[in-house]
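Please examine the sequence and the three-dimensional structure shown below. The paragraphs that follow lead from the whole chain to individual side chains.

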Amino acid sequence: MENKSHAFVAGLFALLLGAAAIAALIWLRGTQDNLREYVVVTKFSIGGLNPEAQVRYRGIRVGKVMDIRLDPNDPSDILIRISIADNIPLTKGTIAKLASQGVTGIAHVLLLDSGRNNEPLVARDGKLPRIVMVPSLLDEMTESGPAVLHQAQEVMAAISEGTMTR
């Protein structure tokens, strides 16, 4: 009889341990919000952005990057598939920027409402809604940098030749 009671206690322990493990998984998983998917389209470099990166709406974390790939129809476009909570009010005036976070410089997608078009952003013809990514400040500086440097060189040359007029 003693052998059976040890087996019963061991079996009961195994069942309780299994139930506790399942409860812990459910608790750690958290609540699943209703999510919507969108596609952010850009022609600019997205260095440092990875799948699972955060998506923020006006600074608030609202989702994550699901996938990054080149557009098969236009390889100059980069398609970033994002998944965000469905209670976020995205409109046709919503734009995206590549931003980095604090000292670490971890890249994330920042969504902003430009205020240009307040019509809700919805899927059409079975295709995910698209959001245009505008250049970040770093992109703008990188693009205009050579022109500014060239102008500065011309000014310095004119000053050193004494041909610059006031």
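**From the surface to the charged side chains**

The accessible surface of the protein chain comes to about 12000 Å², and 60% of this area belongs to carbon and sulfur atoms. The model is a predicted one, and the values discussed here are computed from it. Of the 166 residues in the protein chain, 28% count as buried.

The protein chain contains two helices and seven strands. Read from the N terminus, the order of these elements is α-β-β-β-β-β-β-β-α. Among the contacts in the protein chain with a separation of 6 or more, 60% are made by residues that lie 24 or more positions apart.

Helix α1 spans residues 2-29, and L12 lies within it. L12 also belongs to a nonpolar patch on the surface, which it forms with F8, V9 and L16. Together, these four residues have about 430 Å² of accessible area. L12 itself has a relative accessible area of 41%, and it is therefore classed as partly exposed.

Attention now turns to charged side chains. By the distance rule applied here, the count comes to seven salt bridges. One of them joins K43 and D77, whose closest N and O atoms are 2.7 Å apart. This pair links distant parts of the chain: K43 is in the loop between β1 (35-42) and β2 (54-57), whereas D77 is in the loop between β3 and β4, and the two are 34 residues apart. How do the surroundings of the two partners compare, buried or exposed? K43 has a relative accessible area of 55% and is therefore exposed. D77 has a relative accessibility of 11%, so it counts as buried. The pair is also part of a wider arrangement, since K43, D74 and D77 are linked in a network of salt bridges.

A further salt bridge is formed by the side chains of E52 and K64, at 3.2 Å from N to O. Here, too, distant parts of the chain are linked: E52 is in the loop between β1 and β2, K64 is in strand β3, and twelve residues separate them. E52 is exposed, with a relative accessible area of 52%, while K64 is partly exposed, at 31%.

The side chains of E119 and R124 also meet in a salt bridge, with an N to O distance of 3.7 Å. E119 has a relative accessible area of 36% and is partly exposed. R124 is likewise partly exposed, with a value of 47%.

The final residue to consider is D71, which lies in the loop between β3 (60-70) and β4 (78-85). Which side chain of opposite charge is nearest to D71, and how far away is it? It is R130, at 4.1 Å. A salt bridge requires a side-chain nitrogen of Lys or Arg within 4 Å of a carboxyl oxygen of Asp or Glu. D71 is buried yet has no salt bridge. The side chain of D71 does, however, reach the backbone nitrogen of N73 at 3.0 Å. When its neighbours within four places in sequence are left aside, D71 is in contact with D77, L79 and R130. D77 thus appears again in this account, here as a contact of D71 and earlier as the salt-bridge partner of K43.

Technical notes: Residues numbered from 1 in each chain as written. Predicted model: local features only at pLDDT ≥ 70, side-chain atom pairs only at ≥ 80, totals over all residues. Heavy atoms only, no water. Patch = residues over 30% accessible without salt bridge, like charges linked within 9 Å, V, L, I, M, F, W, Y side chains within 5 Å. Areas by Shrake-Rupley, 256 points an atom, 1.4 Å probe, with all protein chains shown as cover. Helix = DSSP H or I, 4+ residues; strand = E, 2+ residues; numbered from the N terminus. Buried < 20%, exposed > 50% of the residue type's maximum accessible area, 1.4 Å probe, protein only. Lys, Arg positive; Asp, Glu negative; His and termini not counted. Polar contact = N/O pair within 3.5 Å; in protein donor to acceptor, adjacent residues only side chain to side chain. Contact = heavy atoms within 4.5 Å.
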